[in-house]
Amino acid sequence: MILINLSQFILKQRKSLIVLFFVISAVATWKACQIKIAFNPGKILPSTDSTFIKYQNFKQKFGEDGTTMVLGVETSDLFDRSFYQNWKDLHHRLENLKGVKQVLSIAGFVSLKKDTINKSFLVNNNSSSAGKQNLDSLKSALYQLPFYQGILYDNSHKATIMAITLDSNVLKSSAKIALINNIEGQVKKFEQQQKLPVHISGLPYIKTVLSNLVAKEFALFFGLSLLIAAFILWLFFWQITAVLYPLLLVVFGVVWTLGFMVLCGYDITLLSGIIAPLMVIIGIPNSILIINGYRSEYAKTKEKEASILATIQKNTLTTFIANLTTAVGFGVLYFTDSNVLQEFGLSAAFGVMFTWLICMAMLPVILSILPAQPIQKINSEQNKTDFVMKILNLVVNIVINHRKTVYGFVGALILISIFGLSKLKTNGFVVDDLPKSNKVYADLKFFESTFNGILPLEFDISTRKKNKIIKLSTLTKIDELEKLMHGYPAFGKSLSINSAIKYASQTFYNGKPQFYRIPNQMEGGFILAYSANTGKQNNMLKNFVDSIKSSTRMTFQMRDIGSEKVNALLKELKPKIDKIFNPKIYEVNITGPIVMYTEGTNYLVKNLKDSLLLAIGLIALIMWILFRTLKMVLISLVPNIIPLLITAGIMGFFGMALKPSTVLIFSIALGIATDQTVYFLTRFKHQSRKTASSILEIISTTIEETGRSMIYTATILFFGFGVFACSTFGGTVALGILLAVTLVTAMLFNLIFLPVLLLSFCGNKAK
């Protein structure tokens with residue numbers, strides 16, 4: 001009765017619905033135009049996570065980290081007059097850019113001189129004219145300073161770095177893009193002058209490049225998804241109106257979704273950047289069902305309004321439940337406590353329902369306004385030549401006559417998939433989503449080969465007592481820890497309070513390199529006194545210790561070795577660090593962007609199980625409300641869970657690791673795949689009530705009636721998600737391909753295995 005009233009309301013109030021639709025769409029368009037690319041993407045770890053808390057405490061004590069951008073060149077002529085002058089000019093140009101706090105290079109580095117009169121160190125900013133004698137003197141002075149080895153130049157003396165410290169406030173705003181572009185512009189001038197490639201890296205640069213790629217791919221995938229949807233709609237219906245209006249409606253669905261995101265204060269991230277094509281891919285099947293339903297009804301009655309009324313009544317509940325299960329697949333991500341996943345899950349869930357509402361309300365209105373198209377009823381002879389019908393006839397034959405074979409095949413797939421699942425690993429890299437040919441990836445590998453990496457790994461060492469961090473016993477332990485870390489090939493140069501004190505010791509002994517060491521107890525008092533007299537502005541220790549000298553930071557340059565190896569490394573280091581620093585006396589925390597990324601990956605994988613179980617539970621509840629029997633709930637879930645297992649097995653066999661981009665496949669695929677189950681079971685339920693035929697006849701009729709739409713829908717989903725194969729990001733490519741394969745597999749299971757289960761567990765008669 002409700003559906004009858006709803007269908008009548010839609011047709012009677014179509015003018016009001018059109019006005020309301022355009023008013024809402026106008027507001028949504030206005031808000032959607034305000035959408036922005038995320039310059040500081042939300043956190044993955046929740047605020048209550050211990051790793052997140054330790055990182056925040058670290059930044060409060062020592063300031064923001066991960067704000068350094070690096071330029072690197074490789075040449076045997078580091079102190080050649082032409083190279084040095086151009087490098088020096090680049091240094092000064094970058095220094096004058098708004099948003100740049102500091103630049104450090106061989107053309108401008110700090111050195112210390114001993115002032116015996118004032119018992120302090122003098123700080124000199126070293127730069128030289130490009131004369132040969134001056135350059136030779138500067139070169140000699142620099143190479144006598146071990147402090148800068150591995151920072152400004154590599155061991156072979158054939159590569160150098162220019163480190164650019166950026167304002168953290170600029171990095172959190174849209175001004176970051178202009179600043180990075182300005183830096184790149186200045187770098188290109190140097191490359192043209194010197195005819196030498198410059199490698200660019202550092203977390204600020206990597207994040208900015210990724211943001212720019214997200215913006216480009218947002219438009220690319222949206223356009224590709226529309227083109228593919230248009231092509232498939234034309235292939236199915238051969239009518240312009242059946243292509244144009246569904247596309248317009250899903251575009252409005254995207255606009256509503258973007259407007260919702262702006263209202264919620266969300267920006268577009270690497271993850272939410274795929275929402276627009278997702279809405280197209282998921283929304284088009286609604287139109288296919290309605291148009292197919294309308295055509296079928298009109299072929300029977302030849303009355304347009306009656307056909308539209310019947311189409312609304314038959315498809316509203318089915319499409320609502322189907323879209324609701326899809327929304328649940330996204331919506332469960334809201335309960336992960338991860339900022340990034342919450343935004344994506346909520347936006348996608350509401351977007352799915354917005355798109356369904358628009359299609360369900362407006363497509364019947366459009367059909368009622370358009371002139372009725374003459375549709376000929378397909379006779380039985382034509383059915384036999386229909387390719388899709390041939391497939392469906394084959395499916396009916398398999399379901400009815402080869403059930404044992406189906407069970408055996410499914411059982412074999414499950415066993416093979418479980419074996420593949422055992423090979424599945426969790427591993428994520430900072431830039432592994434980029435192809436190896438990408439400049440960002442290639443440049444990062446350059447810094448790994450020359451400087452053993454530039455990604456920062458931070459140590460926060462606390463003595464819990466004022467001034468204890470500068471005691472010789474503590475410094476000796478820090479030195480021991482540094483030697484331990486340098487025994488691992490993943491780590492490059494370290495910077496710590498020891499680095500500063502060793503430099504001060506060398507300066508105290510008139511710059512002799514052999515005195516670059518930790519001073520003994522007697523020497524230490526003099527050297528620390530000299531450092532203290534240098535003044536607050538030039539105090540070498542200020543970047544490494546907190547205000548009361550109870551804690552210190554130690555930073556290691558690190559390779560991008562992947563979260564799997566980082567996890568193993570941290571586990572291996574823990575007892576060794578505890579042996580050096582007694583946990584009862586000292587507190588040592590390993591933190592920084594690398595640890596945050598690794599723990600974020602771990603967190604997502606750990607929550608995969610919870611979010612997937614929650615999705616299964618909610619979908620099971622929806623199925624129980626729809627069918628009211630536990631048996632039907634189980635029958636509806638099995639054909640959708642097995643394809644997820646198969647996908648996990650494929651990932652294991654092909655070495656595709658679980659990481660932030662691929663971990664979402666399972667809950668999303670479950671929600672979308674369940675649509676097919678809803679279509680099939682609601683039609684099966686309808687046929688069971690309408691006829692007293694045997695279950696074999698009911699199953700055959702249901703396959704023939706729903707199979708065409710299921711195949712059409714799976715085709716759109718397959719090619720729709722297939723567009724992500726064009727992505728620059730490997731994770732997005734994997735997400736698209738695996739979703740496409742999973743959903744086609746789920747369609748086959750719903751078309752073949754679901755009917756087999758119904759035949760096996762529903763008896764000889766449909767209940």
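Which residue in β9 is the bridge partner of D460? The answer is R553, and this pairing is a handy way into the structure, which is a predicted model.

## The big picture

Taken as a whole, the protein has 25 helices and ten strands. There are 767 residues, and buried ones make up 56% of them. Measured out along its principal axes, the C-alpha trace spans about 105 × 50 × 40 Å.

As for the surface, the accessible area comes to about 33400 Å², and carbon and sulfur atoms own 60% of that. If you take the contacts with a separation of 6 or more, 79% are between residues 24 or more positions apart.

## Strand β7 and its two partners

Back to D460 and its strand. β7 covers residues 455-462, and eight of its eight residues are buried. That goes for both faces: L455, L457, F459 and I461 are buried on one side, while P456, E458, D460 and S462 are buried on the other. So the side with D460 also carries E458, and both are covered.β7 pairs with two strands. With β9 (residues 551-558), the pairing is antiparallel and runs over eight bridges. With β10 (residues 587-591), β7 is joined by five bridges, again in the antiparallel sense. On the β10 side, E458 stands opposite T591.

D460 also has a neighbour from another part of the chain. N57 sits 403 residues away from D460 in sequence, yet their C-alpha atoms are separated by 9.4 Å. N57 belongs to helix α3, which covers residues 50-62. With a relative accessibility of 37%, N57 counts as partly exposed, whereas D460 is buried.

## Two nonpolar cores

Where do the nonpolar side chains gather? The largest nonpolar core has 145 residues, and those with the most contacts inside it are I284, F330, F344, F666, I703, F721 and L758. Helix α12 (residues 339-369) supplies the largest share of this core, with 17 residues. There is also a second, separate core of 98 residues, and its members include I106, A107, V198 and L569.

Take I284 from the list for the largest core. If you set aside the neighbours within four places in sequence, I284 is in contact with A229, L233, P246, L247, V250 and I716.

## Helix α10

Helix α10 covers residues 275-301, and its length checks out: 27 residues at 1.5 Å a residue should span 39 Å, and the end C-alpha atoms are 39 Å apart. Is α10 enclosed or open? Because 23 of its 27 residues are buried, α10 is largely enclosed by the rest of the structure.

Right after α10 comes K302, with a positive phi near 60°.

## Other positive phi values

For context, most residues other than glycine have a negative phi. K195 is not a glycine, but its phi is positive, at about 55°. You'll find K195 in the loop between α7 (175-194) and β6 (199-201). K195 counts as exposed because its relative accessibility is 69%.

R464 is another non-glycine residue with a positive phi, this one about 70°. R464 lies in the loop between β7 and α17 (472-486). At a relative accessible area of 46%, R464 is partly exposed.

## Cysteines without a bond

How many disulfides does the structure hold? The count is zero. For C33, the closest cysteine sulfur is in C264, and the 17 Å between the two sulfurs is too far for a bond. Turn that around and you get the matching result: the closest cysteine sulfur to that of C264 is in C33, again at 17 Å.

The two cysteines also have their own places on the accessibility scale. C33 is exposed, with 63% relative accessible area, while C264 counts as partly exposed at 33%.

Notes. Residues are numbered from 1 along each chain as its sequence is written. This is a predicted model: local features need pLDDT of at least 70, side-chain atom pairs count only at pLDDT 80 or more; totals for chains, interfaces and linings use all residues. Side-chain values use heavy atoms; hydrogens and water are left out. Buried means under 20% relative accessible area, exposed over 50%, partly exposed in between (1.4 Å probe, protein chains only). Helices (H or I, at least four residues) and strands (E, at least two) are DSSP runs, numbered from the N terminus. Two strands pair if DSSP finds at least two bridges between them. A nonpolar core is a set of buried Ala, Val, Leu, Ile, Met, Phe, Trp, Tyr and Cys residues joined through side-chain atoms within 4.5 Å. Contact means heavy atoms within 4.5 Å. The expected span of a helix is 1.5 Å times one less than its number of residues. Accessible areas come from the Shrake-Rupley method with a 1.4 Å probe; for residues, only the protein chains shown count as cover. A disulfide is a pair of cysteine sulfur atoms within 2.5 Å.
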